[in-house]
Amino acid sequence: MTSSENRPHRSKARTTLTMLTSIFILSVGCDESLEALEQENNEELSVVSTLEAQESELRRRRDRRAPPRQPVVEDPIVEDPVVEDPVVEDPVVEDPVVEDPVVEDPVVEDPVVEDPVVEDPVVEDPVSYSDPRIQEVLDLPSSPHQYSIQGASDHFLNEAAIVDNTPIDNLDDDHRATLGRVLFYDPALSQNQTVSCSSCHQQERGFSDPQRLSEGFAEELTGRHSMSLINVRYYPSGAMFWDERALTLEHQVLGPIQDSVEMGLTLDELVAELQENDYYQPLFTLAFGDPQISSERVSLALSNFVRSIVSHDSPYDAGLSSNGGNPARPFTNFTPEENRGKQLFFAPVQNGGAGCAGCHLAPPRVGPGAPRPTSIFFVNGAANIGLTDGRGDTEDLGVGAVTGRPQDNGKFKAPSLRQVGLTAPYMHDGSLTTLRDVINHYSDGVQAHPNLDPRLRQGRGGAPQRLNLSEADKRALEAFLHTLTDESVSDDLRFSNPFRE
Ligand code: HEC
Ligand code: HEC
């Protein structure tokens with residue numbers, strides 16, 4: 001419910017009643033992450049102490065009523081920690097809830113409490129990760145890794161929840177993500193068993209490819225540079241690819257498998273291919289309750305895994321947390337150069353800054369009470385940044401080729417700037433080799449494309465901006481961009497190749 005409900009057009013229609021209903025549903029479902037939060041941060045939660053009492057009551061009952069633990073049966077709402085925060089913590093929503101007696105109804109209503117059967121731990125799933133069919137080939141732990149976000153700061157979680165594109169039918173699930181991880185690293189997904197998703201999306205490279213264009217299964221090159229998969233879930237429209245041609249991640253992940261350059265399989269061939277590998281029967285059972293292999297399930301599992309790849313623990317986050325979430329003040333963990341770079345990144349051009357935040361930290365929602373965006377670093381919608389003047393014969397039209405509208409020509413989606421220090425080369429065509437090249441582009445290389453974004457022009461409809469940054473300022477911006485790298489993502493076991501050799 002998160003992503004769709006939080007999209008602006010729907011949220012407008014939300015009534016107080018539906019909000020309260022949501023809160024009730026969330027209260028029932030949010031126990032696991034709440035517990036984690038409680039341990040970490042008692043003070044935060046004391047604000048909602050009334051709610052909390054109700055929640056814990058609901059939680060106790062839900063636990064008693066819960067069916068025997070079987071991975072697939074699990075209430076999916078439980079798994080999504082992102083959902084819960086904004087609703088509980090959003091000041092706008094929180095107040096009426098505490099005062100409103102309606103919320104208490106469900107608590108009072110249910111007098112049936114005792115059900116000891118559920119506590120019975122004897123119920124055992126016949127399929128497990130210890131299955132020799134799995135263990136022979138894959139190095140997977142006996143209980144799955146936890147793929148939901150661990151230990152992110154409040155400033156991150158609050159913003160993340162607003163822009164999360166996770167659909168209701170594919171909420172975070174450790175078993176699905178585990179299956180997705182195996183699929184991601186499996187060359188069985190390509191026609192001649194040579195290429196996996198990880199060939200072009202490499203963990204230590206922010207899940208991008210150091211090559212300007214990537215080689216597919218038949219050694220042909222892709223038409224564009226591989227995209228970083230970092231924080232793909234934090235893009236509210238959910239549209240994927242540089243030209244946004246895939247409506248959702250669930251649609252997107254089947255694209256490369258069928259692409260004639262990338263992996264070259266039909267979906268029927270894909271299913272047949274996977275059926276030949278013994279380890280998929282137990283893995284599909286663990287993820288979906290039965291061993292049936294289908295392309296829909298491959299799509300769900302792959303996207304579940306890709307969405308779990310989240311970067312939230314960078315030096316930038318440490319700095320933001322240490323000064324109360326205010327990016328405008330210097331961070332104590334930053335060098336003076338990094339602080340200068342931060343200032344340039346945030347300040348608009350007319351105030352002597354470089355204006356980067358105007359796009360890369362665009363407000364996830366507008367309107368009174370909207371939090372100042374500080375941490376997600378995505379561009380909200382495709383934009384034209386004047387990499388070309390639009391007059392070439394072989395121009396990549398980007399979004400324009402998809403929509404057929406001339407005013408979309410040369411517009412592209414931007415990957416998250418998180419881990420950007422690892423994802424060179426840059427841009428849809430991989431044409432900028434280093435971060436310095438990127439900064440030089442924005443400083444004085446922006447070209448006068450007819451669709452050039454107004455934020456990169458001198459005045460409305462004006463000529464391309466010329467920042468003429470000094471050498472020191474360029475170094476500072478570069479240093480700041482490097483503070484957005486969460487080192488832990490590059491060697492996080494959960495995202496690594498699970499195959500034994
Ligand atoms: C041969 C290299 C190659 C392989 C293999 C490959 N990709 Fe990609 N991936 C790319 C390129 C290139 C793009 C950008 C293509 C475009 O925009 O036209 C891309 C884009 C994406 C995106 C879009 C990200 C965004 O922010 O919009 C996702 C997600 C993705 N790939 C996931 C996968 C998955 C999952 C697999 C395996 C099933 C996979 N890729 C296999 C090269 C590859
Ligand atoms: C008008 C909005 C806008 C502004 C302002 C802007 N950017 Fe971008 N940025 C984008 C878009 C859109 C892309 C992707 C463009 C493409 O590939 O064609 C991008 C790409 C990038 C990339 C490459 C990302 C990747 O993975 O390839 C970096 C790095 C970057 N911008 C940094 C900056 C910095 C630093 C500034 C300030 C000096 C800045 N941007 C200002 C919209 C903007």
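**Stop 1: the shell around ligand 1**

Select ligand 1 and the residues that surround it: by class, this shell holds 18 nonpolar, 7 polar and 4 charged residues. The model on screen is a predicted one. The shell counts 29 residues, and those that come nearest to ligand 1 are Cys197, Cys200, Phe241, Trp242 and Pro256.

Now colour the helices that take part. Two or more residues of the shell come from each of helix 14 (197-200), helix 15 (249-252), helix 16 (254-258) and helix 19 (295-308). Which helix gives the most to the shell around ligand 1? Helix 14 does, with 3 residues.

**Stop 2: the loop between helix 14 and helix 15**

Keep ligand 1 in view and select Phe241, one of the residues that come nearest to this ligand. Phe241 sits in the loop that runs between helix 14 and helix 15. Its phi is near 85°, a positive value, although the residue is not glycine. In general, most residues other than glycine have a negative phi. Phe241 counts as partly exposed because 18 C-beta neighbours lie inside 10 Å, and a residue needs 20 or more to be buried.

Next, select Glu244, which is in the loop between helix 14 and helix 15. Here phi is near 60°, again positive in a residue other than glycine. Is Glu244 buried or exposed? Glu244 is buried, since 21 other C-beta atoms lie within 10 Å.

The loop between helix 14 and helix 15 also holds Arg212. Arg212 has 19 other C-beta atoms within 10 Å, so this residue is partly exposed. Select Asp429 as well: its C-alpha atom is 7.2 Å from that of Arg212, while the two residues are 217 apart along the chain. Apart from neighbours within four places in sequence, the contacts of Arg212 are His225, Pro425 and Gly430.

**Stop 3: a cis peptide bond**

From Arg212, step to its contact Pro425. Pro425 belongs to the loop between helix 23 (399-403) and helix 24. The peptide bond between Ala424 and Pro425 is cis, with omega at about -5°. For comparison, most peptide bonds are trans.

**Stop 4: the shell around ligand 2**

Move to ligand 2 and select the 27 residues around it, of which Cys356, Cys359, Phe412, Ala414 and Asp453 come nearest. Which helices each supply at least two residues of this shell? They are helix 22 (357-360) and helix 24 (435-445). By class, the shell around ligand 2 has 19 nonpolar, 6 polar and 2 charged residues.

**Stop 5: helix 24 against helix 25**

Stay with helix 24 and add helix 25, residues 471-482. The axes of helix 24 and helix 25 are 10 Å apart, and the packing angle is about 125°. That angle makes helix 24 oblique to helix 25. The crossing of these two helices is right-handed. To show the contact, select Leu435, Arg436, Ile439 and Ser443 of helix 24 together with Lys474, Leu477, Glu478 and Leu481 of helix 25. The residues in the contact of helix 24 with helix 25 are 4 nonpolar, 1 polar and 3 charged.

**Stop 6: helix 21 against helix 25**

Leave helix 25 selected and add helix 21, residues 336-346. The axes of helix 21 and helix 25 cross at roughly 90° and come within 7 Å. The two helices are therefore roughly perpendicular to each other. On helix 21, the contact is made by Glu337, Glu338, Arg340, Gly341, Lys342, Leu344 and Phe345, and on helix 25 by Asp473, Arg475, Ala476, Leu477, Ala479 and Phe480. By class, the contact of helix 21 with helix 25 has 6 nonpolar, 1 polar and 6 charged residues.

**Stop 7: helix 13**

Select residues 174-184, which form helix 13. How many of its 11 residues are buried? The count is 11 of 11, and helix 13 is mostly covered. Among the buried residues are Asp174, His175, Arg176 and Arg181, along with Leu179, Val182, Leu183 and Phe184. The buried residues of helix 13 pack against helix 14, helix 18 (280-288) and helix 19.

**Stop 8: the whole protein**

Finally, zoom out and colour by secondary structure: the protein has 26 helices and 0 strands. It has 501 residues, and 43% of them count as buried. Of the contacts with a separation of 6 or more, 71% are between residues 24 or more positions apart.

Key. Residues are numbered from 1 along each chain as its sequence is written. Chains are lettered from A and ligands numbered from 1 in the order in which they are written. This is a predicted model: local features need pLDDT of at least 70, side-chain atom pairs count only at pLDDT 80 or more; totals for chains, interfaces and linings use all residues. A residue is near a molecule or strand if its C-beta atom, placed from the backbone, lies within 6 Å of it. Helices (H or I, at least four residues) and strands (E, at least two) are DSSP runs, numbered from the N terminus. Ala, Val, Leu, Ile, Met, Phe, Trp, Tyr, Cys and Pro count as nonpolar, Asp, Glu, Lys and Arg as charged, and the others, Gly among them, as polar. A residue is buried if 20 or more other C-beta atoms lie within 10 Å of its own, exposed if 12 or fewer, and partly exposed in between; C-beta atoms are placed from the backbone. Two residues are in contact if their C-beta atoms, placed from the backbone, lie within 7 Å. Axes are lines fitted to C-alpha atoms, for helices over the stretch in contact, and angles run from 0 to 180 degrees between N-to-C directions. Angles under 35 degrees count as roughly parallel, over 145 as roughly antiparallel, 65 to 115 as roughly perpendicular and the rest as oblique. A crossing is left-handed if the near helix is turned anticlockwise from the far one by less than a right angle, and right-handed if clockwise.
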